[in-house]
Amino acid sequence: MLRKICRGVCLIALVLGAPFMTSAATGQSPMRWLAHDMQRPRPPVVTPGKLALPALAPSDAVIVFDGTDLSNWRDAEGGQARWRVRDGYMESVPDSGYIFSAGKFGDVQLHVEWATPVPASGRGQGRGNSGIFLMGLFEVQVLDSFENETYTDGQAGAIYGQHPPLVNACLPPGEWQSYDIVFRRPHFHEDGSIARPARITVLHNGILVQDNVTIWGPTTWLQHRAYERQADKLPVSLQDHGNPVRYRNIWLRELPESAEPSGLAEQPATTVTLSPEQLQKFAGAYSTPLGDAFKVELKDKRLRVHLKTGQVIDLIPRSATEFAMRHTAGKIEFAVKDTGEVTGFTMHLGGEKYPITRLAAQP
Ligand code: MG
């Protein structure tokens, strides 16, 4: 136990610096269960489907471990990591300490493959224990949880001490298993207080075990630790918990802060006012060259296009013959002869132009 305490303290000190050592928060946990409560209900066991491992990295991935060497990994003092590498995997060496990626990362999609020792030895937290620490602070537990009882917030797929996995998807010891993790880093106010806690989604062997859960602070043993301001990017670390757990094929994709613009999409505004008489001349039956029917209707002073599939497109006039679609990035241009006869329209949508012909004579 003492060894574990020392490891945890050294890890935090390395990542956050000495000031954290004197200001470690011990505030009230926001969780509904005390940490490591054996009364917490066991997640159901689910047997994963056959996995295609190793999972090949996509073209934009950062390869963190390719099975050849530990050149991308450091020990807690910044020296060469002292885990063992052979046959395309690395294996934690008892008492060699946590190892840390040379690269620093914030928001990531992370893929990791791992296997616990075979034959299994020990029990509970002493059986195949390791862990993947996002930013060196937030542990996704690695444990041999195949027919191995322990507290649920400490079994495989748990956010250690906080969130048990939704199900137990653990494979038997010695079999390669995968984690696919989506991690959103914490954000802080100017004064250092937490603005947005970290969030995490985890798939274990292709099965959802953490569904975008909030992480309540750096994961710890025995106590709740509140957020303290930290860097935007920090190394990923792997835990030496005294068991020779294996890892291979570790890659990640750095994620943009947010893919969505803030605020709502601006709907097209009316730039001209057309009289009911001007709008009425567009009403009628239309068809594509392949015979798909459209009906243009004037109702409540608005022009609408009815598709045979049931959709209704609300049109916003932009000129005497051009209309924007209210909810879609596209437009409709009516074809009008010099005589005023409307002969059809062109629908501009998704970079394509669809010619549509009027069927009936104008009223
Ligand atoms: Mg662990």
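Trainee: Let me start with one side chain: what is the relative accessible area of Lys337?
Mentor: Three classes are used here: buried is under 20% relative accessible area, exposed is over 50%, and partly exposed lies in between, computed with a 1.4 Å probe on protein chains only. Lys337 counts as partly exposed because its relative accessible area is 46%.

Trainee: Before we go on, from which number are the residues of each chain counted?
Mentor: This is a predicted model, where local features need pLDDT of at least 70, side-chain atom pairs count only at pLDDT 80 or more, and totals for chains, interfaces and linings use all residues. Side-chain values use heavy atoms, leaving out hydrogens and water, and along each chain, as its sequence is written, residue numbering starts from 1.

Trainee: Thanks! Which residue forms a salt bridge with Lys337?
Mentor: A salt bridge here is a side-chain nitrogen of Lys or Arg within 4 Å of a carboxyl oxygen of Asp or Glu. For Lys337, the closest N and O atoms of the pair are 3.7 Å apart. The partner counts as partly exposed, at 35% relative accessibility. That partner is Glu341.

Trainee: How many salt bridges does a search of the whole structure find?
Mentor: Side chains of opposite charge can pair when their charged atoms come close. Searching the whole structure for such pairs gives a total of 18.

Trainee: How many residues apart are Arg40 and Asp153?
Mentor: Arg40 and Asp153 form a salt bridge, with their closest N and O atoms 4.0 Å apart. The pair links distant parts of the chain, with Arg40 in the loop between H2 and E1 and Asp153 in the loop between E8 and E9; helices (H or I, at least four residues) and strands (E, at least two) are DSSP runs numbered from the N terminus. Arg40 is buried at 13% relative accessibility, and Asp153 is buried at 1%. Their separation in the chain is 113 residues.

Trainee: And which residue pairs with Glu254 in a salt bridge?
Mentor: The closest N and O atoms in that bridge are 3.1 Å apart. Glu254 sits in strand E15 (residues 246-254), and its partner in the loop between E13 and strand E14 (234-238), 21 residues apart. Glu254 is partly exposed at 38%. The partner is Lys233.

Trainee: Which strand holds Ser130, one of the magnesium donors?
Mentor: Donors are N, O and S atoms within 2.8 Å of the metal (3.2 Å for Na, K and Ca), and sites may look incomplete because water is not among the atoms. The protein donors are Asn129 (OD1), Ser130 (O), Glu139 (OE), Gln141 (OE1) and Gln239 (OE1), 2.1 to 2.4 Å from the magnesium ion. Gln141 lies in strand E8 (residues 138-142), so its pairing with Ser130 ties together parts 11 residues apart in sequence. Ser130 itself lies in strand E7.

Trainee: What is omega for the cis peptide bond between Val118 and Pro119?
Mentor: Most residues other than glycine have a negative phi, and most peptide bonds are trans. Pro119 is in the loop between strand E6 (108-115) and E7. A cis bond also joins Leu53 and Pro54, with omega about 0°. For Val118 and Pro119, omega is about -5°.

Trainee: Last one: is Asn205 buried or exposed?
Mentor: Asn205 has a positive phi of about 50° although it is not a glycine, and Glu147 has a positive phi of about 55°. Glu147, at 70% relative accessibility, counts as exposed. Asn205 lies in the loop between strand E12 (199-204) and strand E13 (207-214). At 2% relative accessibility, Asn205 counts as buried.
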